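Reader: Could you walk me through the ligand site in this one, starting with the contacts?
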Amino acid sequence: MRAVVISEPGDPGVLVWQELPDPRPARGEVVIDVVASAVNRADVLQRRGHYPPPPGASELPGLECSGVIVEVGENVEGFRTGDQVCALLAGGGYAERVAVPWQQVMPVPAGVSLIEAAALPEVACTVWSNVFMAARLRKGETLLVHGGASGIGTLAVQLAKAYGSHVLVTAGTAEKVRRCLDLGADEAVNYREEDFAERFAGRADVILDIIGAKYLPRNLDALAIGGRLVVIGLQGGAMGELDLGRLLARRATIIATGLRARSVDEKGVICRGVVDNVWPLVGAGAIRPVVHAAVPLAEAADAHRMLEAGEHIGKILLVR
Ligand SMILES: NC(=O)c1ccc[n+]([C@@H]2O[C@H](COP(=O)([O-])OP(=O)(O)OC[C@H]3O[C@@H](n4cnc5c(N)ncnc54)[C@H](OP(=O)(O)O)[C@@H]3O)[C@@H](O)[C@H]2O)c1
């Protein structure tokens with residue numbers, strides 16, 4: 001097969017398209033002939049040398065893909081050669097073929113093309129596991145999504161609306177604010193022009209946060225009594241100061257999670273949750289993958305430059 005290799009830590013130019021041996025399925029794995037993959041912010045960190053793959057995972061970048069199963073290992077349940085699927089990966093998605101445990105494989109949801117399906121596994125699993133499984137967002141509650149126009153944000157807005165929540169977002173340009181409102185957000189703040197903590201003070205039952213330290217005090221301002229702050233990204237740093245008195249007064253909870261290093265069984269539980277609870281909403285048209293661009297897989301460096309420029313809304317796909 002051919003794949004995108006990180007030749008050394010560095011800028012997008014270190015991504016090299018080269019021949020590698022085909023992967024073989026280990027026990028419990030299937031091999032997918034990849035039709036599309038997608039770029040995640042974590043891939044950029046990995047390319048720069050700051051986010052090594054977890055032990056046992058492929059060294060190749062790529063946390064999700066869609067394609068057709070071409071080989072099935074021993075002890076695989078529920079999948080056959082020829083199935084059209086998408087998958088949550090611990091790595092290896094920037095390749096023509098990838099081996100993945102069957103627990104992390106999902107059918108392509110109804111109403112979505114095989115290529116578009118590559119835009120969904122990482123965002124659906126992240127939003128479902130954090131906003132719904134960990135923070136237990138309930139119908140009628142208010143969710144604040146930071147970076148509402150990001151890959152993660154565009155799915156979070158749609159899923160929370162489909163579940164009957166009130167959705168607040170932050171975004172960094174007027175165009176991104178407009179797109180978040182188009183996706184169903186009830187209120188959106190351009191954080192470059194307005195302080196979200198003032199506008200949303202005391203109103204968020206759940207906050208999905210991708211900024212971390214820089215937003216910690218203001219996230220506490222925005223939390224409602226009994227609120228849950230879920231930190232999934234650290235774009236604003238990891239080291240912050242926390243006023244436990246204010247946390248106590250709000251009877252609030254702070255949760256922080258990562259998806260990639262979880263066990264296969266944990267990822268399996270999340271993927272089944274997504275298939276049962278998110279895919280029907282995709283099939284019904286309540287949730288659409290938001291695709292900013294599709295870039296040839298061999299030109300992954302261009303896709304990384306696009307992500308780092310930060311003008312994208314939704315996902316950047318890599319296609320064969
Ligand atoms: N923990 C996990 O398991 C997990 C899983 C997946 C993703 N993540 C994290 O989730 C985040 C989003 O990932 P992605 O792949 O969807 O990336 P992405 O599409 O590149 O999104 C990054 C977003 O951050 C926004 N942003 C930057 N500074 C901001 C600020 N001060 N306030 C509000 N928004 C701001 C940018 O929007 P503007 O241009 O509007 O600033 C951009 O939309 C990343 O931090 C990623 O590491 C975590």
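Author: Bearing in mind that this is a predicted model, I would begin with R41, where a polar side-chain atom lies 2.8 Å from an oxygen atom of the ligand.

Reader: And which ligand atom does the side chain of Y215 approach with a polar atom?

Author: That partner is a nitrogen atom of the ligand, which lies 2.7 Å from a polar side-chain atom of Y215. With I152 the contact comes from the backbone, since a polar backbone atom of that residue is 2.9 Å from an oxygen atom of the ligand.

Reader: OK, how much of the ligand does the protein bury?

Author: The protein buries 89% of the 910 Å² that the ligand exposes when taken alone, and the ligand sits in the largest pocket.

Reader: Which elements give two or more residues to the shell?

Author: Those are helix 2 (121-134), helix 3 (151-162) and strand 9 (166-171).

Reader: How many residues surround the ligand, and which are closest?

Author: There are 25 residues around the ligand, and the closest are R41, G172, K176, Y191 and Y215. By character, the shell divides into 13 polar, nine nonpolar and three charged residues.

Reader: Switching to domains, where do the shell residues come from?

Author: Both domain 1 (2-120 + 260-319) and domain 2 (124-256) take part, each giving at least three residues to the shell around the ligand.

Notes:
Residues numbered from 1 in each chain as written. Predicted model: local features only at pLDDT ≥ 70, side-chain atom pairs only at ≥ 80, totals over all residues. Heavy atoms only, no water. Near = heavy atom within 4 Å. Polar contact = N/O pair within 3.5 Å; in protein donor to acceptor, adjacent residues only side chain to side chain. Areas by Shrake-Rupley, 256 points an atom, 1.4 Å probe, with all protein chains shown as cover. 1 Å grid on protein atoms, 1.4 Å probe; cavity = no way out; pocket = protein on both sides within 12 Å on 5 of 7 lines; lining within 4 Å. Sits in = over half its atoms within 2 Å of the grid points. Helix = DSSP H or I, 4+ residues; strand = E, 2+ residues; numbered from the N terminus. Nonpolar A, V, L, I, M, F, W, Y, C, P; charged D, E, K, R; others polar. Domains from an automatic or database assignment.
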